[in-house]
Amino acid sequence: MRKIVEIETRLFLRDRQTSIFAVVFPTALLLVLGAIPALRTPDPVFGGLRFIDGYASTLIVITLAFIGLQRVPQVVATYREKGVLRRLSTTPVHPVRILVAQMIVNIGAAAASIALTIAVGRLVFGIDLPHNPLGLLLTVALGASALFGIGLVIAALAPTARAAGGWATIAFMLIMFFGGAYLPRFMLPEVINAIGEHLPPGVQALQDGWLGTAPQPAHLVIMALVTLVAGTVAARTFRWE
Amino acid sequence: MAIIEVDDLRKTYGAKVAVDGISLAVDEGEIFGILGPNGAGKTTTVECVAGLRTPDAGTIKVAGRNPKDCRDLLGVQLQESELPERIRVREAIELFSSFYPDPVDWTERLGLAEHREAEFGKLSGGQKQRLNVALALVGNPRVAILDELTTGLDPQARRDTWSIVEDVRTAGVTILLVTHFMEEAERLCDRVAVVNAGRIVALDTPSGLVSRVDGEQRVRFRPSEPLALDLLRGLHEVTDVQDDGGQLTVTGGGNLLHAVTSLLARRQIVALELRVDQVSLDDAYVALTGGHRAQDR
């Protein structure tokens with residue numbers, strides 16, 4: 001198992017475009033936005049905070065959505081389409097291990113990306129370290145598992161790797177939109193934000209865990225349910241070939 | 001001693017019967033070929049033996065065990081199975097080595113040593129196939145299943161691959177080989193099962209298969225001096241003589257070549273550019289499968 005994780009890690013890092021986007025892009029976006037003076041000045045529009053404070057949780061949404069809904073379904077569907085999973089099922093090792101290894105590598109990448117964002121936010125812009133680290137960690141874990149679950153459902157149901165890419169991109173755009181990545185959340189209508197709060201990876205819960213007091217239990221429960229349902233559907237419908 | 005025993009194997013996909021009662025036994029150390037046209041059920045048969053598919057009926061034993069319980073004994077090279085584009089040859093070998101207790105590195109013997117750092121996606125067709133063979137053998141299997149090993153390779157790469165298969169057998173591995181190349185079966189296989197429409201239509205050594213077919217022989221030559229064709233036609237072995245601008249084609253059966261050369265010798269005529277076409281496995285195959293000539297994909 002260690003060898004599979006090692007090789008999958010190397011493959012992830014070798015795929016420069018993906019690995020750089022996943023790990024570095026959210027932090028780079030923070031640096032770009034933070035370079036604009038108006039966005040690092042407290043403003044009543046942002047609830048007395050700075051724009052970049054309010055956008056902090058969205059950066060995590062970008063990381064998790066990209067990894068869970070772009071990387072995961074693409075790799076898994078491609079492995080199936082190319083017969084990699086089938087090839088493994090002729091060995092004494094069950095191909096489920098390669099999926100587990102994928103999850104480990106992607107969770108590692110997400111963790112690195114988020115840690116980088118938090119560190120750069122603190123050092124460069126003085127964004128507070130997470131007020132409720134445990135709550136934030138829990139939210140990230142549930143948000144990641146919910147999105148990875150959806151990614152696996154897409155990989156399971158899509159007939160081809162191409163189709164998986166297409167479906168995943170639609171899901172990715174929706175999650176990005178509701179998570180405030182395209183238009184910041186203070187500009188979005190109330191109803192959109194209300195929906196966004198209840199979608200994984202829980203943009204409001206992330207914000208609450210990072211710069212608020214604690215994520216609301218309801219937000220976490222929804223993500224746990226999504227994980228459960230998506231995980232079950234993926235396990236029931238997954239085809240190895 | 002049979003290491004692979006297949007008894008009355010049946011497998012259906014929806015309404016399509018892929019394998020319709022195949023039985024065969026492969027002896028330890030043998031190279032056993034499965035030959036047949038596309039869609040004949042070859043791949044389904046070996047995939048059942050490899051434990052990748054569950055038969056609808058019939059039993060399969062590999063070394064006395066259920067195929068799904070002996071992945072450690074089996075090395076499999078599948079049709080159309082690839083590796084991640086960017087995995088390096090060395091990494092693929094390391095990865096697959098980690099699956100087995102006693103791995104063997106074939107990269108050197110397969111001529112992959114200088115490509116160890118190359119990525120899978122950058123390898124040529126022949127190199128990919130050799131890597132597939134290396135991965136099939138990495139677990140030190142007792143049985144190797146090779147499905148259309150040389151399809152898509154150029155003639156040189158194909159011949160190189162054949163000598164590899166012979167090396168593998170010399171190392172004591174039993175080989176179940178699926179092919180649709182006659183030349184490959186003839187060169188490598190101890191025995192061949194010819195499969196058509198889900199059934200075995202013949203099971204014999206390559207030469208045994210050839211001798212089943214009462215084919216014609218053809219002797220072609222250019223006589224050093226003009227020769228009356230009726231003399232040739234008078235031989236009872238001869239059924240037909242064609243003269244194509246001095247190039248004679250004599251068709252017949254029995255000991256045709258001897259009859260023709262004796263006649264020429266008596267007349268002190270030399271046969272120039274002499275060629276003899278005998279019944280080949282190709283002809284035997286066409287006769288056995290009812291004219292469904294194998295096609296390259």
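What follows is a conversation about how some labels in this predicted model are earned.

Reader: Let's start with strand 3 of chain B. What makes it largely enclosed by the rest of the structure?

Author: The count of buried residues. 5 of the 5 residues of strand 3 (residues 31-35) of chain B are buried, so the strand is largely enclosed. Buried here means under 20% relative accessible area.

Reader: Which residues of strand 3 of chain B cover its two faces?

Author: One side has Ile31(B), Gly33(B) and Leu35(B), and the other has Phe32(B) and Ile34(B); all are buried.

Reader: How do you know that strand 3 of chain B pairs with strand 7 of chain B?

Author: Pairing takes at least two bridges. Strand 3 and strand 7 (residues 174-179) of chain B have 5 bridges, in the parallel sense. For example, Leu35(B) has Thr179(B) as its bridge partner in strand 7 of chain B. Strand 8 (residues 191-196) of chain B passes the test as well: 4 bridges join it to strand 3 of chain B, and the two run parallel. There, Phe32(B) stands opposite Arg191(B).

Reader: What makes strands 2 and 4 of chain B the edge strands of their sheet?

Author: The sheet is an open one of 3 strands, ordered 2-1-4 in chain B, with antiparallel pairing. Strand 2 (16-27) and strand 4 (57-62) of chain B each pair on one side only, and that earns them the name. Neighbouring strands of this sheet are turned by 15° against each other on average, direction ignored.

Reader: How do you know that strand 1 of chain B pairs with strand 4 of chain B?

Author: Again by counting. At least two bridges are needed, and 5 bridges join strand 1 (residues 2-13) to strand 4 of chain B, running antiparallel. Val6(B) and Ile60(B) are bridge partners there. Helix 1 (residues 42-49) of chain B lies across strand 1, strand 2 and strand 4 of chain B, at about 125° to strand 1.

Reader: Now the charges. Why is the pair Arg10(B) and Asp20(B) called a salt bridge?

Author: The cut-off is a side-chain nitrogen of Lys or Arg within 4 Å of a carboxyl oxygen of Asp or Glu. For Arg10(B) and Asp20(B), the closest N and O atoms are 2.9 Å apart, so the pair qualifies. Arg10(B) is in strand 1 of chain B and Asp20(B) in strand 2 of chain B, 10 residues apart, so the pair links distant parts of the chain.

Reader: Why do Arg10(B) and Asp20(B) count as partly exposed?

Author: Partly exposed is what lies between buried, under 20%, and exposed, over 50%. Arg10(B) comes in at 32% relative accessibility, and Asp20(B) at 21%. The salt bridge between Asp53(A) and Arg50(A) also has its closest N and O atoms 2.9 Å apart, but there both residues are buried.

Reader: What about Glu94(B) and Arg90(B): how do you know that they form a salt bridge?

Author: The limit is 4 Å, and their closest N and O atoms are 3.1 Å apart. Both residues sit in helix 2 (residues 89-97) of chain B, 4 residues apart, about one turn of the helix. Residues three or four places apart on an α-helix point the same way, because there are 3.6 residues a turn. Glu94(B) is partly exposed at 26%, as is Arg90(B) at 25%. The two also belong to a network of salt bridges whose members include Lys3(A), Glu6(A) and Arg88(B).

Reader: That network brings in chain A. How many salt bridges are counted between chain B and chain A?

Author: The count is 6. Arg86(A) and Glu47(B) form a salt bridge, with the closest N and O atoms 2.2 Å apart. In terms of contact, 29 residues of chain B meet 21 residues of chain A, and the two chains bury about 2,300 Å² between them, 59% of it on carbon and sulfur atoms.

Reader: Last one: which residues of helix 8 of chain B are buried, and what covers them?

Author: In helix 8 (residues 256-266) of chain B, the buried residues are Leu256(B), Ala259(B), Val260(B), Ser262(B), Leu263(B) and Leu264(B). Their cover includes strand 10 (217-223), helix 7 (229-233) and strand 13 (271-277) of chain B. Just after the helix, Gln268(B) takes a positive phi of about 55°.

Definitions and conventions: Residues numbered from 1 in each chain as written. Chains lettered and ligands numbered in written order. Predicted model: local features only at pLDDT ≥ 70, side-chain atom pairs only at ≥ 80, totals over all residues. Heavy atoms only, no water. Buried < 20%, exposed > 50% of the residue type's maximum accessible area, 1.4 Å probe, protein only. Axes fitted to C-alpha atoms, helices over the stretch in contact; angles between N-to-C directions. Contact = heavy atoms within 4.5 Å. Buried area = accessible area lost by both parts, 1.4 Å probe.
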